[in-house]
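Dear colleague,

I am passing on the structure below, and after it you will find some notes on how its strands are arranged. Please read them with the model open beside you.

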Amino acid sequence: MEKNSVKAYMEYSEEKFTKRIIYKKGETTAFVLNFLPGQQLPIHKHPGTEVYLYVVTGNGTIVIDGKESEVSEADLIHVSSEEEMSFNNSGKEPVSLYVVLSKIPNEQYAKNI
């Protein structure tokens, strides 16, 4: 067993958002993204990977395939491997997102292409 606290990975920087990796085990990675007000995660995809996000603190705007949604503390978001995503801390408080990236097994991913 390995036990950690998300709070230990909530580190903010005035320069840009921070990414603090908690676990990297096989095909799965878990980390915390930390944003001060106005900081953004640019548009990107994770081909072959399912993305699961949990809003630990704060609120902001997530954009999935061009569609904006407001998110706030305790929201859970799933982003499929082919969806484009970005995030903006549009609030007045810091935001921390707990993120899990889980690779899709090659044979399953090949069937979905």
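**Strands and sheets**

Strand 5 (residues 59-64) and strand 6 run antiparallel and are joined by 6 bridges, where strands (E, at least two residues) are DSSP runs numbered from the N terminus, and two strands count as paired if DSSP finds at least two bridges between them. Within this pairing, Asn59 has Ser72 of strand 6 as its bridge partner.

Please keep in mind that this is a predicted model, in which local features need pLDDT of at least 70 and side-chain atom pairs count only at pLDDT 80 or more, while totals for chains, interfaces and linings use all residues. Residues are numbered from 1 along each chain as its sequence is written, and side-chain values use heavy atoms, with hydrogens and water left out.

Strands 5 and 6 belong to an open sheet of 4 strands in the order 3-8-5-6, with antiparallel pairing. Its edge strands, each pairing on one side only, are strand 3 (40-44) and strand 6 (67-72).

A further open sheet is formed by 5 strands in the order 1-2-9-4-7, and here too the pairing is antiparallel. At its edges lie strand 1 (18-25) and strand 7 (76-79), each of which pairs on one side only. Strand 1 pairs with strand 2 (residues 28-35) over 7 bridges, and Tyr23 has Ala30 in strand 2 as its bridge partner. Strand 4 (residues 49-57) pairs with strand 9 (residues 95-103) over 8 bridges, with Leu53 opposite Val99, and strand 4 also pairs with strand 7 over 4 bridges, where Tyr52 stands opposite His78.

With kind regards
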